[in-house]
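Student: I have a structure open and would like to practise reading it. Could we go through it together, one question at a time?

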Amino acid sequence: MFQILAQNALNALQLGSVYALIALGYTMVYGILTLINFAHGDIFMVGTYLSLAAAVFLLGLPLGLPLVVVFVGALCFSMALTAVLGVVIERLAYRPLRQAPRVSAVITALGVGLFLENFTLGILGPEPRHFPTLIPLQAWEIWGLTITPLQILIILGAAVLMVLLDFLVRRTLLGMAMRAISYNRLIVPLMGVPVDRVISLTFAIGSAIAAAGGLMYGLAYPVLDPYMGIRIGWWAFIAAVVGASAISGEPCWGALSWAQWRFSPRCCCRLPLTGTSWPFPSCSCSWSSSPRACSAGRYLRECD
Amino acid sequence: MATLNKPKTSLISLASVLLLVLALVLPASGVLNPYVVQILMYVGINMILTLSLNLVNGYMGEFSVGHAGFMGIGAYAASILTVWVLPRAWTPWAFPLVLVVGGLAAAVAGLIVAFPSFRTRGDYLAIVTLAFNMIVKSVLENLEVVGGPRGFLGMPRLTNLFWVTAWVLITVLILRRLVYSNFGRGITAIREDEVAANLTGVDTRRLKLYAFLISAFFAGVAGGLFAHLLQFINPRSFSIIKSTDMLVMVYLGGVGSLAGSLLGATIFTVLMEVLRPLGLWRWVVGPLLLVLLMIFRPKGIMGFKEWKWLREEKVASSQ
Amino acid sequence: MPLLEITGLTHNFGGLRAVSDFSLKVKEGELVGLIGPNGAGKTTIFNLISGVFKVSRGMIKYQGEDITRWPSHRISSGGIARTFQNIRLFKELSVLDNVRLGGYAQHGYNLLQAMARTRNFKIEEERQRQRADSLLARFNLSPYADAPARNLPYGEQRRVEMARALISKPRLLLLDEPAAGMNQSEAQDLIRLIKEIKEDFSLTIILIEHQMRVVVNLCQWVKVLDFGETIASGPPQDIQHHPAVLAAYLGKDGALAEVEAEKATPGPGKVA
């Protein structure tokens with residue numbers, strides 16, 4: 001029984017880490033602009049395809065590059081380009097609407113998301129693509145648990161990115177500016193904070209992290225199609241809402257508990273959920289009372 | 001005043017009757033080729049959809065992005081009625097009733113969205129409606145009885161230009177009467193300032209309920225018309241893409257305007273038809289148009305304006 | 001029986017006590033002023049009376065009936081109308097529609113009658129329209145009837161708000177800083193207007209105001225708040241000289257405070 005639960009938790013942690021990386025982007029943008037960036041899931045999708053392209057290209061070179069190099073190369077390439085994509089979207093689509101009613105901005109976000117999706121569909125066609133194997137497929141048995149190197153890579157990688165982001169938001173000047181803007185966007189420029197640049201950087205960081213999540217997702221679930229952005233982005237979005245409205249204010253916890261929840265029914269054991277320290281009970285209640293979800297934006301603010 | 005208005009009202013009724021006669025005669029006489037008639041019917045169905053969505057998004061200022069869900073429910077309900085329930089011979093006569101039943105089914109679903117709207121506004125209601133759209137689609141996909149993802153077929157082709165025109169006229173008439181009554185003014189007051197509306201005695205909850213019911217009803221009717229035009233429906237026809245198309249038509253034509261809805265539906269439908277050769281790329285146009293509209297013309301062509309004959313007439317009184 | 005009776009009203013924002021144990025009795029036909037420095041909790045009290053905020057502690061009775069838990073549209077249609085400190089008109093709607101909406105609760109037709117345009121609907125619409133027209137004329141707003149409310153100058157917008165409040169034939173009118181942003185002569189006009197409508201519509205009025213001149217000229221009774229506490233109440237002439245009021249509200253630099261500066265001893269106390 002314990003093994004099933006532990007294995008279940010481990011698998012949930014793997015998927016949850018990916019969700020968490022996407023959810024961070026939702027939360028950062030919501031925190032700073034109070035905009036639900038519906039396009040974020042599709043940015044994640046583009047990031048995944050970009051890492052696929054980079055991986056295929058690097059593997060195809062007649063140099064016999066080691067897999068580690070290919071992995072790092074694909075990661076850097078997709079993070080960089082997706083960051084640019086995020087900035088461009090913000091610059092072209094969201095910035096002109098900063099003074100407009102919020103509904104206009106949300107509709108725009110929806111439009112941008114569908115545009116990215118259909119654009120990708122137009123270029124690549126609807127058939128799924130296969131992601132090459134970059135991490136050796138092997139499994140270790142520890143105390144009856146099956147652990148793969150990929151699992152460790154995803155969980156650790158996500159953890160490292162989250163710690164880095166946390167450091168950025170809490171300890172750096174940029175992070176302070178982000179938090180300040182989330183409090184009051186009108187006053188902050190008077191203090192000499194370059195609001196536009198900070199918002200651009202927020203989009204860049206959020207998108208880059210989503211791209212990292214995209215690469216990890218591609219490695220773990222190696223079949224990609226243009227609709228994955230909406231499909232997975234939607235779960236990640238729920239994770240962001242759930243996580244941010246939990247007391248801890250950390251979207252990653254929400255993502256993890258949410259992933260746990262999605263996995264559990266398959267393993268026929270909902271029992272452990274109540275026993276975990278994750279803020280699970282808040283999922284259902286916060287989702288049903290969506291006004292509370294407004295606190296999603298508080299993540300940035302409550303870091304102090 | 002009263003005497004001044006009489007000619008205008010009768011002129012409009014005359015024009016409506018003329019339109020209906022034309023809709024009956026033109027396709028039969030063969031003056032219009034069938035392709036054009038087909039496009040006209042799509043324009044009409046889209047007009048109904050746009051008018052219905054405009055009530056919620058334009059007049060009430062709420063934010064529904066899942067309207068295709070209502071349309072789907074109406075389409076399936078009406079189709080089940082004509083295919084399974086009614087004897088084939090009756091269907092041509094029962095068609096208006098079938099559409100009304102489809103509309104009512106959608107209106108019941110409208111309740112599901114109306115209740116969250118009491119507590120939630122803006123972004124979060126958008127999420128609720130989006131989720132509603134997705135739920136409808138996946139429920140339909142999982143219902144093997146109605147064909148699951150393969151879709152549902154066997155409907156007779158009952159939709160013709162006459163019925164489409166008639167329903168467009170009914171929709172315009174009813175919505176116009178709603179908009180220029182205290183209920184309509186109350187609905188616009190919700191858009192402008194919900195708290196102040198409540199404090200001036202407007203029962204905002206009840207009005208939200210009305211708005212969602214009426215809006216969902218007409219979306220359902222449009223779904224029924226759509227199903228009996230194509231004679232084949234599947235859940236994918238009622239996905240978020242369809243909802244986005246409706247949003248584009250509303251925001252293209254103009255929020256809070258009946259004329260805008262008619263205009264937006266016409267322009268968008270014809271445009272999509274012209275762009276048909278682009279194939280898959282055609283679907284990039286809608287979202288792109290939506291983004292550009294939001295940036296450059298957020299209120300649309302006719303935002304909050306109305307054609308003269310659609311404006312409020314002074315209520316004719318005995319004095 | 002008082003028209004409005006508030007007992008032990010208390011309201012918190014988070015940990016902050018905005019209104020503390022507030023009590024008030026208003027008799028039919030009175031004009032009561034509510035004054036106090038910014039953040040004293042005056043508007044919060046209006047929001048509690050009109051049902052914008054849920055009342056957590058205390059009771060509000062109107063015409064002997066407990067309205068504490070009523071939703072705001074019911075309170076409003078029950079005869080308590082109000083205006084807002086920062087004008088809240090329906091900006092895109094025409095002035096006429098704004099005023100007509102004030103009478104929403106009194107329209108005598110239902111949804112189906114509206115859609116069928118029945119005789120009853122036409123009569124009711126006509127009646128309501130005439131009432132709106134006459135109110136617009138009363139407030140010198142007729143020329144603006146078809147203009148969107150947002151296009152009107154500030155003073156006119158305030159008058160539209162009043163017309164919107166009055167069309168429902170309220171018995172109690174809550175005016176939230178009607179003279180805000182007005183100069184001397186405009187304030188004088190306003191005082192006259194308020195006196196007139198009070199007579200014409202036989203109103204009971206509760207008034208929040210910062211300008212002492214307006215309060216002294218209008219109110220028969222004044223209640224002074226500071227940090228949610230009632231620090232004094234009485235006729236305006238007495239209040240003007242009350243030490244606690246001078247200390248809390250006018251401060252040492254206030255024009256009236258100068259005269260009384262020597263006598264004033266700061267600290268809350270109750271009079272009346």
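Student: Leaving aside its neighbours within four places in sequence, which residues is Arg185(B) in contact with?
Tutor: Good place to begin, and keep in mind that this is a predicted model. Arg185(B) belongs to helix α7 of chain B. Its contacts beyond four places in sequence reach into chain C, and they are Asp97(C), Arg100(C) and Leu101(C).

Student: Is Arg185(B) buried or exposed?
Tutor: Let's count the surroundings. A residue needs 20 or more other C-beta atoms within 10 Å of its own to be called buried. Arg185(B) has 26 of them, so the word for it is buried.

Student: What distance separates the C-alpha atoms of Arg185(B) and Val202(B)?
Tutor: Along the chain, these two residues are 17 residues apart. In space, the distance between their C-alpha atoms is 9.6 Å.

Student: Which element gives the largest share of the side of chain B that touches chain C?
Tutor: Start with the whole contact: 26 residues of chain B meet 30 residues of chain C. On the chain B side, the elements that give two or more residues are α6 (161–179), α7 (182–192), α8 (194–199) and α9 (204–230). With seven residues, the largest share belongs to α7(B).

Student: How many residues on the side of chain B that touches chain C are nonpolar, polar and charged?
Tutor: Sorting that side by class gives three groups. Five residues are charged and nine are polar, while the nonpolar ones number 12.

Student: And where chain A touches chain B, which helix gives the largest share of the chain A side?
Tutor: This contact takes 23 residues from chain A and 22 residues from chain B. On the chain A side, 15 residues come from one helix, made of residues 102–124. That helix is α4 of chain A.

Student: What is the strand order in the open sheet of four strands in chain C?
Tutor: Let's work in from the edges: β2 (16–26) and β5 (65–66) of chain C each pair on one side only. Between strand β1 (residues 4–13) and strand β4 (residues 57–62) of chain C there are five bridges, in the antiparallel sense. Put together, the order is β2-β1-β4-β5.

Student: Which residue in β4(C) is the bridge partner of Glu5(C)?
Tutor: Follow the pairing across to β4(C). The partner of Glu5(C) there is Lys61(C).

Student: What angle does the direction of helix α1 of chain C make with that of β2(C)?
Tutor: Helix α1 (residues 42–49) of chain C packs on the sheet, where it touches β1, β2 and β4 of chain C. Its direction and that of β2(C) make an angle of about 65°.

Student: Why does the radius of gyration of chain C agree with a compact globule?
Tutor: A compact globule of 272 residues would have a radius of gyration near 19 Å. As background, 44% of the residues in chain C are buried, and its C-alpha atoms fill a box of roughly 70 × 40 × 35 Å along the principal axes. The radius agrees with the globule because the value for chain C is 20 Å.

Student: Over which residues of chain C is the pLDDT below 50?
Tutor: Chain C has a mean pLDDT of 86, and 91% of its residues reach 70 or more. One stretch falls below 50, although it has 30 contacts in the model beyond near neighbours in sequence. That stretch is residues 252–272.

Student: What ipTM does the predictor give the complex?
Tutor: The predictor gives two scores for the complex. The pTM is 0.84, and the ipTM is 0.85.

Key:
Residues are numbered from 1 along each chain as its sequence is written. Chains are lettered from A and ligands numbered from 1 in the order in which they are written. This is a predicted model: local features need pLDDT of at least 70, side-chain atom pairs count only at pLDDT 80 or more; totals for chains, interfaces and linings use all residues. Two strands pair if DSSP finds at least two bridges between them. Two residues are in contact if their C-beta atoms, placed from the backbone, lie within 7 Å. Axes are lines fitted to C-alpha atoms, for helices over the stretch in contact, and angles run from 0 to 180 degrees between N-to-C directions. pLDDT is the predictor's confidence in each residue, from 0 to 100. Ala, Val, Leu, Ile, Met, Phe, Trp, Tyr, Cys and Pro count as nonpolar, Asp, Glu, Lys and Arg as charged, and the others, Gly among them, as polar. The radius of gyration is taken over C-alpha atoms; the globule rule is 2.2 Å times the number of residues to the power 0.38. A residue is buried if 20 or more other C-beta atoms lie within 10 Å of its own, exposed if 12 or fewer, and partly exposed in between; C-beta atoms are placed from the backbone.
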